[in-house]
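Reader: I'm new to looking at protein models, and I'd love a close look at one part of this one. Could you walk me through how the helices pack together on the inside?

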Amino acid sequence: MAIIEIILMALSLSVDTLVVSMCGSVTLGKINFGNTAKVALSFALMQTALLSAGWLFGNSIVRYIESIAGVVGFLLLLYIGVNMIRGALKKGGEESVNLSGLKQLVPASVATSIDAAAVGMSLAMAAIDTVSIVISIISVFVVTAAAAVTGVVGGCAIGHKFGKPAQITGGAVLIAIGLKILIG
């Protein structure tokens, strides 16, 4: 997997984190290093944990579905990409999310990271080597943490302005990566 594809994948996966962090920043009260670090670590750790779990699970089943693994990987990324685009185009906008405590932060982190598990599975279906998955995990961690920090510092107003275009672009990138997996 080329480094540009890894970076684009990391950016695509971090879009939800960016938007939720922006909209949830109002619930944090005073924006300080501790609050920002807590949000960034929660989102980044969950994103990389689910990406890793998806890849490990995908590797355990790929030998059973090897003949259709590329199609399965493509369909997973197509589904995620279409849902990202559909969510961005849905009327109603983003609701505020409470990020003030771990009871609220962990579920928000899980909700924004579910797609990472499916992406991890699709990477296993595409027979991504161990070095590429390690680079992917590190990239996803760094980009997700940066997205959370940007979101917290940027606030909700920026999220409403750039959230939808970012989600649409992220969805399109995941679909493109899926097409590349399908084509070979």
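Author: Here is a walk through the packing, starting with a pair of helices and moving on to the cores. Keep in mind that this is a predicted model.

Let's start with α1 and α2. Their axes come within 11 Å and cross at roughly 155°. Anything over 145 degrees counts as roughly antiparallel, and α1 and α2 are therefore roughly antiparallel to each other. The crossing of α1 past α2 is right-handed. Where do α1 and α2 meet? On the α1 side you'll find L13, S14, T17, V20 and S21, and on the α2 side V39, F43, Q47 and L51.

Now bring in α4, which covers residues 102-111. Which residues of α4 are buried? They are L105, A108 and S109. These buried residues span an arc of only 100° around the axis, so they sit on the same side of α4. Here's the handy rule behind that kind of pattern: an α-helix has 3.6 residues a turn, so residues three or four places apart point the same way. Over on the other side of α4, K103 and A111 are exposed. And what do the buried residues of α4 pack against? They pack against α1 and α2, the pair we began with.

Next, the cores. The largest nonpolar core has 24 residues, and the ones touching the most other members are M9, L13, L51, V119 and L123. Two or more residues each come from α1 (3-24), α2 (33-61), α3 (69-89), α5 (114-125), α6 (130-154) and α7 (156-183). The biggest giver is α1, with 6 residues. Apart from this core lies another one, of 12 residues, including F43, A108, A148 and V152. You've met two of those names already: F43 is one of the α2 residues that meet α1, and A108 is one of the buried residues of α4.

Zoom in on L123 for a moment. Leaving out neighbours within four places in sequence, L123 is in contact with M1, M9, L51, W55, I128 and I133. Among these, M9 and L51 are also on the list of core residues that touch the most other members.

Last stop: M125, which sits in helix α5. Is M125 buried or exposed? Its relative accessibility is 5%, so M125 counts as buried. If you skip residues up to four places away in sequence, M125 touches G58, I61, V62, I65, A69, G70, V72 and G73. Take G70 from that list: M125 and G70 are 55 residues apart in sequence, yet 5.8 Å apart in space, C-alpha to C-alpha.

Conventions:
Residues are numbered from 1 along each chain as its sequence is written. This is a predicted model: local features need pLDDT of at least 70, side-chain atom pairs count only at pLDDT 80 or more; totals for chains, interfaces and linings use all residues. Side-chain values use heavy atoms; hydrogens and water are left out. A nonpolar core is a set of buried Ala, Val, Leu, Ile, Met, Phe, Trp, Tyr and Cys residues joined through side-chain atoms within 4.5 Å. Buried means under 20% relative accessible area, exposed over 50%, partly exposed in between (1.4 Å probe, protein chains only). Helices (H or I, at least four residues) and strands (E, at least two) are DSSP runs, numbered from the N terminus. Contact means heavy atoms within 4.5 Å. The arc is that of the directions from the helix axis to the C-beta atoms. Axes are lines fitted to C-alpha atoms, for helices over the stretch in contact, and angles run from 0 to 180 degrees between N-to-C directions. Angles under 35 degrees count as roughly parallel, over 145 as roughly antiparallel, 65 to 115 as roughly perpendicular and the rest as oblique. A crossing is left-handed if the near helix is turned anticlockwise from the far one by less than a right angle, and right-handed if clockwise.
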